[in-house]
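Visitor: I'm new here, so could you walk me through this one step by step?

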Amino acid sequence: MKALAVLAVLLAAAVPWTQGRIDARLGTHRAQEEALYLWSGDQVRRLAPGFEDLMADVYWLRTVQYFGGQRVYAVNKRFDLLLPLVNITVTLDPRMQIAYRYGATFLAEAFPIGAGQPEAAVKLLERGVRSLPRDWRLRQDLGLFHYYFLNDPQRASQILLEAAEIPGAPPFLATLAAQVLMRGGDRETSRQVWRRIFEQGEGPMRNNAAVHLAQLDALDALDNLNGAILAYERRTGARPAVLDEIVRAGYRGPLVDPAGVPFAYDRSEGRATLARSSPLWRPNLK
Amino acid sequence: MRRVAAVARNTFRESVRERVLYNLLFFAVIMTLSGLLLGELSIRQDAKIIKDLGLAAIDLFGTLIALFVGVGLVSKEIERRSLHPLLAKPLSRDEFLLGKFAGLGFTLLVNVGLMTGGLYATLLALRRGADPALLKAVFAIYLALLVTVALTLLLSILTSAAVASVSTLCLVIAGRYSDVILNLGDVVPGMPAWALRAVMILIPNFRNFDLKDRVVYGDPVSFGDLGWITAYAVAYTGTVITLAVIALRRRELT
Amino acid sequence: MTEAGPAVDIRGLSKSYRIGHLRGQRRQALRDLSLQVPRGVVFGCLGPNGSGKSTTLKLLLGLLFPDSGSATILGQPIGARAVRQSLGYLPENPYFYDYLTPNEYLDYAGRLFGLPPGARKDRARELLDLVGLAEAAEVHMRRFSKGMLQRLGLAQALVNRPELVFLDEPMSGLDPLGRRSVREIILRLKEEGSTVFFSTHILSDAETLCDEVAVLRGGSVVAKGRLDQILSLDVTHMEVLVSGLGPQEVSGLPAGVEIFRTMGERLVLHVPETQLGRLVVAVEQRGGRVLSVQPVRQSLEDYFFAEIGHPAKGEAWTAGA
């Protein structure tokens, strides 16, 4: 009897151990990937007629879990899986609005936040707009993404106007359409865009928008700071060695970014920028 | 009529005590409760996921119950001959069949009711509201189950238990793939139009009973729509039961 | 239904089965069978397995359909529903419902006869007492032994106090106590005026119970008649029961004496009537005692072997079980 108990314990211990070995060799996410590449959306639909919505939910859950939403810098995310997962989800349930918005957000954002595929994001939103033509939010997102990610204010404005005409659409869309067209490229418009997205968003999309807003605030703060540095240089004839010097000279603006990380100061260039270590830092921040 | 009720009563009792039923019911309830867990993992989708999962569970497990309990009960009666002493009493074969159908229908009603109750309980526990529109989808699913039960009865009389369960399952699956059947003309080029129509009409169109998507997304389902769906179910089930009555009248009970 | 006519009247019934699914071969189960069963008797339908006994019953009850021929039950053609109010049927190897109890099943049967609730309950209790299942009245039938199912089968056949009862192998699966009780029930039914039609391949049961028998073989009736006429007493030989004789004494007995059976220290001897006196004297001379003397009676088994010949391949007979 004792021998059997011992045997049971040994075998049981072997289970997590062997699992660990398998994971080390093949990676923890392989199961999802295998299942993913077996099916296209239509194949899955054919598999379970009458249960498409449920399957869409399943794929949606996989998408959300796989890409998380809370972590900003992720090491192991494979963004090449995002588009297929989202595509299957919306093939199964073309009315899942949230899948289009989430998918588009993280397709468009630059690596390492997202896949860095803004065209794919826009395509996805277009598909969403076709499936849900009376959904002003999707159309709004489509417009905003044209503006922010594709740098096409004309098209963006057009789409936003279309969105404004959908019954039930809020009045600010028309204003936004005008702003986008007129100012095109300035920070204040961007702020408007991201504010809208922030207000309407939830979860990771909201957080993403919050990051953008914080970045804009940081840029504003940096403008002030760099202006002060320039003024100091002109007054004293030399660049400050450290930022404290301009504080002693009377500067009252923030020296840390909205994430609480101090700005980096490059004396040789005489410019302050976002610290590379800041969570707000992005390459090519505009 | 009283005799039909007696058979129905007996059928209900027998099926309620079959252990298969409890296992299936258990899994169905578990599935719905999992919706609770899964809902937590998503973004703002928990109500939708729970509804999708709950309705899918009722559909799937209801079908399995209809299939296996239905085939088991009638085939078993014929093969094990528990039917024989009953027919020696003033019970006609027709009455027996109708009683069986009524009993199974009632069994399914109870099961579907329990599962629906579980679904609503889950939704209420999460304070997501008990959407009465779900009942329309459940009603349609119940109609589909009655069609399935009728098919199992007919096939159990015509063939053995094993063949009956497999063939009913095939018909149920085929009935869900009605859009594929529509396109059968492309797949089998030589198929004449009348044959295609015939296949389409013969196979029960289970898509008629699938209101899950519409209900979860809040699309309106008018009582007129439900009325026509019910009429289809009555027509189809009525045909199958009538055929079953004829089949049973002619069947030699060795 | 209360006319005076035979309880069962079968005329020229034939039935064949298809064997196998593809070849279209048929087996003739009944060939032009004709039979009358008068009312108020216990009628035995005898024959080896496969002779058509069960088939006959099933045809009479409308479970099978005849190829040709006709039959009436209590004056009504087979299949008539009204007459079933007065019938009872115990099938061979009965199976009921795993998840019901005897009370529930008898209640179900009662409903099918249209009995009101009080009557159903009383009748159920009465019948379960009668067949000795009163203690198992609330046990799920899944747990029943073959003998218990057999008893319940008998009980359900009697729910409606039938005028005509069909029993297919009623003793099967029962222990001696059970068999005795079934015998008593059958005799009581007859006393109450019912007709009992039972089929069996066990001859000793028929011998003790039946008034009339029919013997089936290969789907036809090969012999029938009243039992007291079939089993005539053989008055040429006497059966003598003796005790106290050892083997060596036996060898010295008069010629014509045959040891029919040994029962412990008693012997059953058969002797021609003419030698009876000599035998008695010889037994007493050797120190034995004559316990009883009676005429030799032909058993039903003897009748069978005489009328029907020896069993063909595949047939199974049992003299007694």
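Visitor: In what order do the elements of chain B run from the N terminus on?

Guide: Bear in mind that this is a predicted model. Chain B holds 12 helices and 0 strands. Reading from the N terminus, then, the order is α-α-α-α-α-α-α-α-α-α-α-α.

Visitor: Why does chain B count as compact as a globular protein of that length?

Guide: You compare two numbers here. For 254 residues the globule rule gives 18 Å, and the radius of gyration of chain B is close to that, so the chain is as compact as a globular protein of that length; its own value is 20 Å.

Visitor: And what does the C-alpha trace of chain B span along its principal axes?

Guide: Picture a box laid along those axes. The trace of chain B would span about 60 × 50 × 30 Å.

Visitor: How much of chain B counts as buried?

Guide: A residue is buried if 20 or more other C-beta atoms lie within 10 Å of its own. Of the 254 residues in chain B, the share that passes is 45%.

Visitor: What share of the contacts in chain B with a separation of 6 or more comes from residues 24 or more positions apart?

Guide: Start with the contacts in chain B whose separation is 6 or more, and pick out the pairs that sit 24 or more positions apart. Those pairs account for 81%.

Visitor: Which element gives the most to the side of chain B that touches chain A?

Guide: The contact takes 15 residues from chain A and 20 residues from chain B. On the chain B side, the elements giving two or more residues are α2 (19–41), α3 (46–80) and α11 (212–216). By class, that side divides into 10 nonpolar, 2 polar and 8 charged residues. The top giver, with 6 residues, is α3(B).

Visitor: Over in chain A, how far apart do the C-alpha centres of domain 2 and domain 3 lie?

Guide: Chain A is assigned domain 1 (15–132), domain 2 (135–201) and domain 3 (209–273). Domain 2 of chain A puts 8 residues in contact with 6 residues of domain 3 of chain A. On the domain 2 side, those are 3 nonpolar, 2 polar and 3 charged. From centre to centre, domain 2 and domain 3 of chain A are apart by 31 Å.

Visitor: What distance separates the centres of domain 1 and domain 2 of chain C?

Guide: Chain C is divided into domain 1 (8–230) and domain 2 (235–296). Taken over C-alpha atoms, the centres of these domains of chain C are separated by 43 Å.

Methods:
Residues numbered from 1 in each chain as written. Chains lettered and ligands numbered in written order. Predicted model: local features only at pLDDT ≥ 70, side-chain atom pairs only at ≥ 80, totals over all residues. Domains from an automatic or database assignment. Contact = placed C-beta atoms within 7 Å. Helix = DSSP H or I, 4+ residues; strand = E, 2+ residues; numbered from the N terminus. Nonpolar A, V, L, I, M, F, W, Y, C, P; charged D, E, K, R; others polar. Rg over C-alpha atoms; globule rule 2.2 N^0.38 Å. Buried ≥ 20, exposed ≤ 12 C-beta atoms within 10 Å, placed from the backbone.
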